[in-house]
Amino acid sequence: LHVDQLAQARKFGGDLGASMPLGDFGDAANAGYHIGGLFEYTPKSMPVSWRGEIAYNHNGLKDSGIDGLDGNFSMLNLVGNAVMPFGDKAASIRPYAIGGLGIYRVKASAEFDGVTASQSDTKMGLNAGAGLTFHLSGFESFVETRFNSVFADGSNMNFMPFTFGIKF
């Protein structure tokens, strides 16, 4: 492989966006944000790319009507995904499907009347979604959304991040 071919096969990047809680998690948490980094590898012999990600998600606790109660939910996740692009490789805008499995470190924290409590747990989860890649001079940008489900006791923690990112 030439050096420029190797660079095309491996990409680093970062992303950020809004994170919308769904279902039972949406009953307890407000819309939040996420920020992350990624490494993407595309084998020359395969149409699929492999993406590893690390991300931090933060959602505030919804107003419960109890004066003085404040809190938040945070997640640190490591996720492995398959990325399947569609259409012409030379196109400046290209759609793709993405999905995979991950490990999510979930933490819930609350403070009431000067007393702080928190609970952390590590859970498995999965995600699936779609996005668009925009090929620019020297780098790519992308927008995507995915449905994430973290396998929690009782009801799963479901959320949808809406993401903007760059890869170089």
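Me: Over how many bridges do strand 6 and strand 7 pair, and in which sense?
Reply: This is a predicted model. In it, strand 6 and strand 7 (residues 140-150) pair over 11 bridges, in the antiparallel sense.

Me: What lies between those two strands?
Reply: Four residues, in a hairpin. Gly138 sits in that turn and has a positive phi of about 90 degrees.

Me: And which residue stands opposite His135?
Reply: Glu140 in strand 7.

Me: What about the other side, how many bridges join strand 5 to strand 6?
Reply: 20 bridges join strand 5 (residues 93-112) to strand 6 (residues 115-135), and these two run antiparallel. Within this pairing, Tyr104 stands opposite Lys123 in strand 6.

Me: Where is Asp113 in all this?
Reply: Asp113 is in the loop between strand 5 and strand 6. The hairpin there has two residues between the strands. Phi of Asp113 is positive, near 55 degrees, and Asp113 is not a glycine.

Me: Is Asp113 buried or exposed, and why?
Reply: Asp113 counts as exposed because its relative accessibility is 68%, and the cut-off for exposed is over 50%.

Me: Changing topic: where is Phe39?
Reply: Phe39 is in strand 2 (residues 29-41). Phe39 counts as partly exposed, because its relative accessibility is 32%.

Me: Which residues does Phe39 touch, leaving out those up to four places away in sequence?
Reply: Phe39 touches Arg10, Lys11, Phe12, Trp50, Arg51 and Gly52.

Me: What separation do the C-alpha atoms of Phe39 and Gly80 have?
Reply: Those C-alpha atoms are separated by 9.8 Å, while Phe39 and Gly80 are 41 residues apart along the chain.

Note on methods
Residues are numbered from 1 along each chain as its sequence is written. This is a predicted model: local features need pLDDT of at least 70, side-chain atom pairs count only at pLDDT 80 or more; totals for chains, interfaces and linings use all residues. Side-chain values use heavy atoms; hydrogens and water are left out. Two strands pair if DSSP finds at least two bridges between them. Buried means under 20% relative accessible area, exposed over 50%, partly exposed in between (1.4 Å probe, protein chains only). Contact means heavy atoms within 4.5 Å.
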